[in-house]
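Got the viewer open? Then let's walk through this one together, selecting a few pieces at a time.

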Amino acid sequence: MSMNGIDISSWNTGINLDAVPCDFVIVKATEGTGYVNPDFERAYNQAKNAGKCLGIYHYARGLDAVAEADYFLGKVGQRVGEAILVLDWEGGDNKRFGVNDSQWVKTWLERVVSKTGVKPLIYTSQSVMARFNGLGDYGMWIAQYANNNPTGYQDKPWKEGEYACAIRQYSSEGRLPGYDGRLDLNKAYMDRDGWNKYAGKGNAVNPGTGTGTGTVSTVSGKSALDLAAEVMRGQHGNGNDRRARLGTMYDVVQGLIDHVASASAADLANEVIAGRYGNGEVRKTVLGNRYNEVQKIVNGGGARPSAPAAQYYTIKSGDTLSGIAARYGTTYQRLAQMNGIANPNKIYAGQKIRVT
């Protein structure tokens with residue numbers, strides 16, 4: 001079983017959550033250590049009264065991680081236990097994005113867990129989710145868009161099933177009845193009980209991935225890489241037992257393991273450089289008996305680096321395409337071409353565009 005839902009911020013101020021069809025609503029509460037969404041209280045209370053599954057997120061600015069966590073929790077207040085808690089980790093105004101991301105995020109998450117007993121989710125783009133491999137048993141909310149075309153809810157978003165996540169955000173150009181504007185659209189791979197397990201105190205065990213059986217799964221929220229490492233350690237058995245344990249992730253995980261066994265060392269080395277196999281023990285475990293030959297090529301510089309992962313930026317009020325281009329060392333013509341923007345003078349606050 002799965003659920004459809006939206007996430008909202010001050011860009012959606014005044015949205016009538018009684019009128020918009022959604023199973024869940026995730027509301028932005030804070031940013032950094034000095035910003036509170038002015039519509040947070042109203043939107044949250046309206047969603048709660050409407051019987052929606054609830055979520056609250058904090059947009060990281062890359063300041064002191066403990067201070068940002070405490071600021072967020074100060075605004076969350078007594079809502080701990082009734083709403084999932086989320087860290088929004090993306091570029092833009094985040095000073096630490098791309099700079100030892102994993103350590104900052106780990107500090108923020110552990111601070112929240114230590115004060116609430118609840119494990120938050122991590123929101124980030126698919127292109128950087130590998131940075132958090134091995135961080136811990138935290139659910140992932142992954143953003144990946146096929147295009148910027150207007151859309152309603154989708155039963156099977158683009159690239160679905162290629163990686164494990166608790167929630168998938170697949171569009172920032174959503175159009176739904178009851179709201180005359182753009183919305184972020186999401187699919188949660190769980191039912192209401194699963195959502196409540198993420199929200200409730202002591203949620204060390206993640207809920208299932210939407211099978212509708214109510215069975216607790218150990219794979220939800222984990223990447224294919226993490227699951228492959230667990231398989232290599234013998235945690236998911238063999239044959240039909242492994243297939244049952246991995247569920248809908250079986251083909252992806254088994255395909256990764258089979259690829260490592262059959263690919264050339266040079267190809268694997270290029271994939272290591274591109275970040276496909278993470279770092280440290282995870283990489284060593286997944287590569288198994290191929291590790292030494294592959295790492296030798298990587299250390300010797302014999303592999304060809306792959307192209308850098310795509311990066312996205314959320315447009316803010318006052319931004320221009322030329323200004324964004326200058327910030328990322330490109331041209332406004334290139335950004336317009338990559339994002340299918342017909343008129344470079346017409347961009348919108350809240351719109352997400354590819355910048356690299």
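Start by selecting α9 and helix α10 (residues 291–300): the two axes come within 8 Å and cross at roughly 125°. That angle falls in neither the antiparallel class, over 145, nor the perpendicular one, 65 to 115, so α9 and α10 count as oblique to each other. Keep in mind as you look around that this is a predicted model.

Now show the side chains where these two meet. On the α9 side, pick Arg 283, Lys 284 and Leu 287; on the α10 side, pick Tyr 291, Val 294 and Gln 295. Colour them by class and you'll get three nonpolar residues, one polar and two charged.

Next, keep helix α9 (residues 280–287) on screen and add helix α5 (residues 224–232). How far apart do their axes come, and at what angle do they cross? They come within 8 Å and cross at roughly 60°, so this pair is oblique too. Turn the view and you can follow α5 passing α9 in a left-handed crossing.

To see what touches here, select Leu 225, Asp 226, Ala 228, Ala 229 and Met 232 in α5, then Val 282, Thr 285 and Val 286 in α9. Sorted by class, the α5–α9 contact has six nonpolar residues, one polar and one charged.

Time to move to another pair. Select helix α2 (residues 65–76) and helix α3 (residues 101–116): their axes are 8 Å apart, and the packing angle is about 40°. That angle makes α2 oblique to α3. Which hand does the crossing have, left or right? Here α2 passes α3 in a right-handed crossing.

Bring up the residues in this contact. From α2, take Ala 65, Val 66, Glu 68, Ala 69, Asp 70, Phe 72 and Leu 73; they meet Trp 104, Thr 107, Trp 108, Arg 111, Val 112, Lys 115 and Thr 116 in α3. The α2–α3 contact divides into eight nonpolar, two polar and four charged residues.

For the last stop, switch on a surface and look for the second largest pocket, with about 570 Å³ of space in it. To find the middle, select Ser 9, Trp 11, Tyr 57, Thr 314 and Gly 350, the closest to the pocket's centre of the 29 residues that line it. Then highlight the strands β1 (3–8), β2 (24–31), β4 (53–59), β8 (167–174) and β9 (183–188), since each supplies at least two lining residues. What mix of classes lines this pocket? Colour the lining and you'll count eleven nonpolar, nine polar and nine charged residues.

Key: Residues are numbered from 1 along each chain as its sequence is written. This is a predicted model: local features need pLDDT of at least 70, side-chain atom pairs count only at pLDDT 80 or more; totals for chains, interfaces and linings use all residues. Side-chain values use heavy atoms; hydrogens and water are left out. On a 1 Å grid over the protein atoms alone, a cavity is a set of points where a 1.4 Å probe fits but cannot get out, and a pocket is an open set with protein on both sides within 12 Å along at least five of seven lines; lining residues have an atom within 4 Å of a point. Grid points are joined across faces, edges and corners, and a volume is the space filled by probe spheres set on the points. Helices (H or I, at least four residues) and strands (E, at least two) are DSSP runs, numbered from the N terminus. Ala, Val, Leu, Ile, Met, Phe, Trp, Tyr, Cys and Pro count as nonpolar, Asp, Glu, Lys and Arg as charged, and the others, Gly among them, as polar. Axes are lines fitted to C-alpha atoms, for helices over the stretch in contact, and angles run from 0 to 180 degrees between N-to-C directions. Angles under 35 degrees count as roughly parallel, over 145 as roughly antiparallel, 65 to 115 as roughly perpendicular and the rest as oblique. A crossing is left-handed if the near helix is turned anticlockwise from the far one by less than a right angle, and right-handed if clockwise. Contact means heavy atoms within 4.5 Å.
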